[in-house]
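Trainee: I would like to learn how the labels used for a structure follow from its values. Could we go through some of them together, slowly?

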Amino acid sequence: MSVRTTSSPSPEFSYVEDVSPGSGALPPRAWYASSDAASLSLNGSWRFRLSATADAEDDSFAGRGYDCGDWAEVAVPGHWVLQGDGAFGAPIYTNHLYPFPVDPPRVPTRNPTGDHLRHFDLPDDWPDVADAKGAAGGAVLRFDGVESCARVWLNGTDIGEFKGSRLPHEFTVGHLLKPTGNVLAVRVHQWSAGSYLEDQDQWWLPGIFRDVTLLHRPAGSALDFFVHASYDHREGTGTLRVDSDVDGRILVPGLDIDVETGQAITVPVRPWTAETPYLYDATLVTPGERVPLRIGFRTVVLEDGLIKVNGRAILFRGVNRHEWHPEHGRALDLETMREDVLLMKRHNVNAVRTSHYPPHPAFLDLCDEYGLWVVDECDLETHGFTEQAWRDNPVDDDRWTPALLDRAARMVERDKNHPSIVMWSLGNEAGTGRGLTAMAEWIRGRDGSRLIHYEGDWNCRDTDVYSRMYADHAEVDRIGRGQDGGPAKRRQLPFIQCEYAHAMGNGPGGLADYQRLFEAHERIQGGFVWEWIDHGVEDERYGFAYGGDFGEELHDGNFVCDGLVFPDRTPSPGLLEYKKVVEPVRMEGDGVDGVVRIANRHDFADLSALAFEWSYEVDGETVGTGVLTVPALAPGDSADVKLPEPPVDVRQTETRWTVRAVLAGDTAWGPKGHVVAWVQLWRAPRQLIGVTARRRPVLDGRGRITLGPAVFAARTGEPATVGGIDVIGLKLDAWRAPTDNDEGAPWQPDIRHGVLWRKLGLHRMQHRLDAVELSDDALTVRTRVAPAASDLALRTVYRWTSDGTRLKLAVSVTPEGDWQVPLPRLGVRLGLTAADRVRWHGGGPGEGYPDTDSASMLGRWESSVDDLQTPYVRPQENGARADVRWAEIGRGPDFPALRVEGGLPFWFTARRWTSEQLDAARHLTDLTPGDTVWVNLDHGQQGIGSQSCGPGPLPRYQLAVGPTEFSFVFSEINS
Ligand code: GAL
C-alpha cells in the first residue's frame with residue numbers, strides 16, 4: 001500500500017513559505033509623482049473575504065465576472081483586523097516573540113488570508129484609452145505596503161507575488177488593462193516566510209495598509225533616476241547630476257540650470273540642512289514625461305571620526321518613529337504624517353530614525369521640506385531568534401540573502417532622492433551575519449553618498465557609526481572619553497544611541513543628563529529617544545487598548561505604549577521635557593548681575609530667525625516684560641547680553657527673570673512667538689515663611705482638640721477642619737502607583753524598585769498611633785508607619801503649631817531598620833471633600849519629577865483637578881507639580897480654598913482617586929472619580945529613570961531613606 005504525502009500548503013501556495021522575496025515584480029526604482037503622466041488611485045472600498053488558512057479558497061475570485069456579492073468590504077489602505085468590528089480577527093502585540101512556532105520558513109496552517117477585490121474603469125482621459133485603438137498603453141501597478149505576503153491578479157492573469165511589507169512592489173500591467181471593467185484581485189496572507197524578517201516590536205497587522213496606484217507610463221518616460229546633489233562647503237557650490245535610465249534634461253530655474261541627464265554641473269547654491277531645508281524646484285524632462293523634483297544640496301561624510309554634513313559635525317536630537325494611528329494602525333494619511341513632522345519641529349526634534357522600516361514615502365517628502373535628518377531603516381528584524389541563541393537566524397543563512405538584498409534595494413531605490421536621508425540602517429535587532437554584510441556591501445556600491453547604520457553590529461564590521469541602545473549614562477561617558485575599548489575600527493567611529501530614554505508611561509527620566517554628555521563629548525553625536533508615539537488602539541472598552549486586550553495568547557502588555565506622544569498625538573510631559581532638554585539655544589546667567597549668556601547650539605542656523613523676550617516676576621506674578629536685543633549669533637557662538645534694570649526691586653520675596661527665545665516670524669512649522677528655548681534666573685530668592693507658635697491646643701469635652709484655625713480628632717490626632725474646610729485622613733505617605741519605569745522590564749538585571757517596593761509592602765503601610773500630646777504651644781502626634789511582616793519602619797512625628805490664623809505642620813521621619821531601597825515618595829496625603837480647582841506658584845504647567853523637571857517652568861498656574869492628571873495609557877503615578885512654593889485648592893473659581901505653603905518647595909499632586917486605586921487600574925476607564933480629592937504634599941519623590949527598557953534613575957535622583965524633616969503651613973483663604 002502506498003501513502004501519498006503532500007507538503008502543506010499545496011504547491012500552488014508554496015510562495016507563502018518560500019524564502020525568496022517573490023516573483024513578477026519590477027526591479028525597485030525611485031518613488032515619485034509625475035506632473036503629467038496619468039495615475040489612478042485604487043484606494044477606497046474593496047470587497048473582502050477572510051479565510052482561516054492560506055489555501056481555503058481557490059483563485060476563481062480573481063477572474064472577470066466573479067460574483068462577490070456576498071463579500072464584506074474593507075477600506076484600502078487599511079488593516080482588516082482593525083475593521084469589521086471584530087469580525088475579521090484582532091490585532092496581536094508581541095515585542096520580540098514570534099506569535100507562531102519558530103520553524104523557518106514554515107508558518108502556521110492557521111494563516112488568516114484576506115482576498116481583496118477591486119473593480120475599476122480607466123478614466124476617460126487615460127491617455128491610451130482615448131486613442132483610436134482603445135489600448136491601455138504602458139502602465140505600472142504599485143503597492144506601497146502590504147503585510148505580509150500578497151499574490152496579485154489583474155483581469156484573471158496572475159501577475160506575481162511578493163513579500164516585504166513596508167516596501168513598494170510594482171508590476172507591469174499595461175498589456176492587461178481594459179478601458180472598463182478591470183478586476184484587480186489581491187490575496188494577502190498574514191503569515192509568510194517574510195514574517196520571520198519582520199519581528200519588530202509592534203502590532204501584527206495584516207492588510208493592504210498603504211496606497212495602491214495605477215501609474216500610466218508614457219513611451220519615453222523614465223522608470224528610474226538618481227539625483228546626486230552634493231555641496232562643497234569650502235566653495236559654497238553645489239554639484240548636480242541626475243542619472244536617468246531614459247535620457248532627458250534637468251531644469252532648475254532657480255539656478256539657471258538646463259543640462260542633460262548624466263551631466264554634472266557645479267554652481268553656487270544654498271545648501272540643504274535639517275535646520276535650513278532649502279529645496280530647489282526642478283524638473284526632469286524626458287521625451288515622455290515631466291517629473292517634478294525637489295533638490296537639496298548636501299554632502300554627508302565620515303571625517304575625523306565624525307558624521308559631518310556640509311563640513312560640520314551634527315548632533316542628533318532624534319526620535320524613533322513607528323507609523324501609528326490609533327484607529328488605522330500603520331495606514332497613515334498625509335495629514336497625520338504632517339502632524340508628526342510639525343510636532344517634532346515644534347519640540348526641537350531634528351532627527352528621525354524610521355524604526356524599524358521605511359515609512360510611507362510621503363513622510364520623507366515632509367522631512368525634506370520641513371527639515372529633519374533621517375536614518376532610513378530597512379524592513380528587517382529577526383529578534384525572536386534570540387530565544388534560541390540566534391540559531392537559524394535568517395541573516396546568517398545564505399538562503400535568505402536574496403530576500404535581504406531585495407529589501408535593501410527596495411528601500412534604497414525608493415528613497416535615494418531624499419536629501420533628508422543621511423544614513424541607511426540595515427534593520428533592527430537581527431543579530432549578526434553574512435546577510436547583513438551583503439546588504440551593507442550592496443548599499444555602499446549603489447549609494448556611496450550616505451553612511452550605514454546598524455545597531456546590532458557592536459564591532460562595526462559593516463557600519464560607519466558605533467550605535468547602541470539604552471547604554472546608561474556612565475557608559476556613554478566612557479564612550480565619549482574613548483575609554484570603552486572595543487575593536488580598532490570601532491574606536492575610530494562616532495557614537496550615537498539609536499535608542500535611549502524609554503518613554504514608556506511616566507518618563508523618560510534622565511534626559512538632561514544624557515544631553516549634557518552628548519554635548520560634552522565630540523564623539524557622541526546624539527541619540528534617538530525610544531519612541532515617538534504610543535501604539536494604543538482606540539477601543540470602546542478601554543479608551544486605548546494595548547497588548548493582551550484582544551485575548552492574545554502571547555503578548556507584551558503595554559510595552560507597546562512607550563511614546564513621547566499619546567496615541568491621539570497629544571504631547572506627553574516626556575515630549576515637553578525633551579523639547580526643553582534639546583533646545584538649540586542655551587541660556588544661562590545671573591539674575592542678580594542681570595547678565596544672560598546666550599549660546600547658539602544649532603549646527604547650521606544663526607539666530608536671525610529668533611527674537612528674545614524677557615519677563616520679570618515677583619512671587620510668580622509677572623510685573624514687567626520686554627524685548628532683548630541679541631546678535632544673530634553664528635552656530636556655536638555665544639554672547640553675554642545685559643538684561644534691563646528690574647522693573648521693581650523687591651528683595652523680600654522671590655523675584656526672577658524669565659528669558660524666552662521665540663520665533664521672530666511665522667515659519668513653515670511654527671507661528672511667530674512660538675517658544676524655542678527659555679531660562680529663568682533668580683534676582684532674589686524665596687524667603688522662608690515663619691509661623692510663630694502663639695496658640696495653645698485645647699481639648700474639649702467632645703473629643704476634639706482646637707488649635708488656631710484647626711480642629712483635630714483627639715483620638716487620632718488628625719485634623720478634621722482647617723477654618724471651614726473639611727480635611728480627612730492626613731497621614732504620612734510613602735507610596736506611589738509604580739510607573740512603568742519603576743516596575744522595570746522583567747529582563748532587567750538591576751534592582752527594580754517597583755518590584756522591591758511591593759515586596760516590602762510599601763503599598764500597605766500600617767500607621768500605629770503611639771501618642772497624642774498637648775503642650776503649651778503644640779500638638780504632637782507620634783506614630784510608627786510600617787508594613788506587615790517587616791521590622792522596617794518610619795517613626796513619624798507630626799508637630800502642629802499655630803499663630804492663630806495659620807497652622808503649621810512639621811513632620812519628622814526617623815527610619816528604623818536596614819532600608820536598602822529608596823522610597824517611592826515621602827510626604828503627607830490628605831483628603832478634601834470640596835475641591836476641584838487648584839492654583840499654585842511653582843513648576844508648571846505640566847508635571848515634573850526629580851529627573852524630569854527641566855520643562856517645569858516656575859510661575860503662577862491654575863488648573864482643574866481633572867486637568868492635573870496625565871492620561872498615561874496604563875494608569876500610574878503622574879501629575880506631580882514640582883518646586884511648588886504654595887498651592888491653593890478649593891471649589892473655584894471663587895475659592896474658599898485651603899492654602900498650603902511649603903517650608904521648602906514641594907511636589908503637589910491632587911486626584912479624585914487614591915494612589916491605591918490608581919495602582920489597581922489597568923486602563924484609564926478603570927478610574928472612577930470619587931467625592932474626595934486626594935492631595936499629596938511631597939517633600940521627596942523618587943526619580944523616574946528609564947528602567948522599563950534602560951537604566952533606572954541616577955543615584956542623585958533617588959529618594960534614599962534617612963532622617964528627614966519637612967513642614968507645611970495651612971490656612972483658609974476666601975478670595
Ligand atoms: C528595543 C527595540 C525596539 C523596542 C524597544 C523597547 O530593543 O529595538 O523596537 O522594542 O527596545 O520598547
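Mentor: Let us begin with a charge and a ring, keeping in mind that this is a predicted model. Arg829 lies over the face of Trp934, at 5.9 Å from the ring centre.

Trainee: What makes Arg829 count as lying over the face of Trp934?

Mentor: The distance has to be within 6 Å of the ring centre, and the charged atom has to be within 35 degrees of the ring normal. At 5.9 Å Arg829 satisfies the distance limit, and it is listed as lying over the face of Trp934. Lys416 is placed over the face of Phe226 in the same sense, at 5.7 Å from the ring centre.

Trainee: How many aromatic pairs are there?

Mentor: The count comes to 38 aromatic pairs, each with ring centres within 6.5 Å. One of them joins Phe48 and Trp80, with 5.5 Å from centre to centre and 40° between the planes.

Trainee: Why is the pair of Phe48 and Trp80 called tilted?

Mentor: Planes under 30 degrees apart would be stacked and planes over 60 would be edge-to-face, so the 40° between these planes leaves the word tilted. The pair links distant parts of the chain, since Phe48 is in strand β3 and Trp80 is in the loop between β4 and β5, 32 residues apart. Both Phe48 and Trp80 are buried.

Trainee: Why is the pair of Phe100 and Tyr196 called edge-to-face?

Mentor: Here the planes stand 80° apart, which is over 60, and the centres are 5.1 Å apart, so the pair is edge-to-face. Phe100 lies in the loop between β5 and β6, while Tyr196 lies in the loop between β12 and β13, 96 residues apart.

Trainee: How do you know whether Phe100 and Tyr196 are buried or exposed?

Mentor: Buried means under 20% relative accessible area; Phe100 has 5%, so Phe100 is buried. Tyr196 has 0%, so Tyr196 is buried by that cut-off as well. Phe100 and Tyr196 also belong to a cluster linked by ring pairs, which includes Tyr98, Trp191 and Trp204.

Trainee: What makes the protein as compact as a globular protein of its length?

Mentor: The protein has 12 helices and 58 strands. Its radius of gyration is 32 Å, close to the 30 Å that the globule rule gives for 975 residues, and therefore it is as compact as a globular protein of that length. Buried residues make up 61% of the 975 residues.

Note on methods
Residues are numbered from 1 along each chain as its sequence is written. This is a predicted model: local features need pLDDT of at least 70, side-chain atom pairs count only at pLDDT 80 or more; totals for chains, interfaces and linings use all residues. Side-chain values use heavy atoms; hydrogens and water are left out. Rings of Phe, Tyr and Trp (its six-membered ring) pair if their centres lie within 6.5 Å; planes under 30 degrees apart count as stacked, over 60 as edge-to-face and the rest as tilted. Helices (H or I, at least four residues) and strands (E, at least two) are DSSP runs, numbered from the N terminus. Buried means under 20% relative accessible area, exposed over 50%, partly exposed in between (1.4 Å probe, protein chains only). The radius of gyration is taken over C-alpha atoms; the globule rule is 2.2 Å times the number of residues to the power 0.38.
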